[in-house]
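Ready for a few short exercises? Have a look at the chain below before you try them.

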Amino acid sequence: MSRHSEDGARYRAARQRFLADNPLCWICGHGGADTIDHDPPRAVHRVKLDLATWRPAHGVRGCPVATCRRRCNQERGTRPIEALRAAFVPAMKW
Ligand SMILES: [Zn+2]
Ligand SMILES: [Zn+2]
């Protein structure tokens, strides 16, 4: 159990640092990201502290931008980012 919580503390510290350096959500592009998304998803790529797979995203609190308010990480789930980005811009005019 203690090894588990040490890992958790290390992960939280690394996450906090990462989000301080990278506040822009990689899905909607707004600031205030408060969770780490994983690309490729963690189920596929199991190395939790591999920062190369980390992407800042909005979690359960959602995006702070009033016109957005997305819970990007939850909405994405394990879908590929390309599919989600396509769903995010339905009204794109060419
Ligand atoms: Zn977002
Ligand atoms: Zn947003």
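The exercises that follow move from the overall layout to single residues.

This is a predicted model, in which local features need pLDDT of at least 70, side-chain atom pairs count only at pLDDT 80 or more, and totals for chains, interfaces and linings use all residues. Residues are numbered from 1 along each chain as its sequence is written, while chains are lettered from A and ligands numbered from 1 in the order in which they are written.

**Exercise 1. Layout and confidence**

Work out the order of the elements along the chain, and find where confidence is lowest and highest.

*Solution.* Begin with the inventory: there are three helices and two strands, where helices (H or I, at least four residues) and strands (E, at least two) are DSSP runs numbered from the N terminus. Reading from the N terminus gives α-β-β-α-α. Next comes pLDDT, the predictor's confidence in each residue, from 0 to 100. The chain average is 81, and 77% of the residues score at least 70. By element, H3 has the lowest mean, 70, and E2 the highest, 93.

**Exercise 2. The core**

Identify the residues of the largest nonpolar core, then list the contacts of Ala33.

*Solution.* Start with burial: a residue is buried if 20 or more other C-beta atoms lie within 10 Å of its own, exposed if 12 or fewer, and partly exposed in between, with C-beta atoms placed from the backbone. Buried residues are 14% of the 94 in the chain. A nonpolar core joins buried Ala, Val, Leu, Ile, Met, Phe, Trp, Tyr and Cys residues through C-beta atoms within 7 Å. The largest one holds seven residues: Cys25, Ile27, Cys28, Ala33, Ala57, Cys63 and Cys72. Now take Ala33: beyond its neighbours within four places in sequence, its contacts (C-beta atoms, placed from the backbone, within 7 Å) are Leu19, Pro23, Leu24, Cys25, Pro56, Ala57 and His58.

**Exercise 3. Loop residues**

Decide for Val60, Arg69 and Thr78 whether each is exposed or partly exposed.

*Solution.* First, Val60 sits in the loop between strand E2 (54-57) and helix H2 (72-76). Val60 is exposed because it has 9 C-beta neighbours inside 10 Å. Leaving aside neighbours within four places in sequence, Val60 contacts Arg71 and Gln74; the C-alpha atoms of Val60 and Gln74 are 7.1 Å apart.

Second, Arg69 is in the loop between E2 and H2. Since 13 other C-beta atoms lie within 10 Å, Arg69 is partly exposed. Its phi is positive, near 60°, although Arg69 is not glycine.

Third, Thr78 belongs to the loop between H2 and helix H3 (81-88). With 10 C-beta neighbours inside 10 Å, Thr78 is exposed.

Terms used. Two residues are in contact if their C-beta atoms, placed from the backbone, lie within 7 Å.
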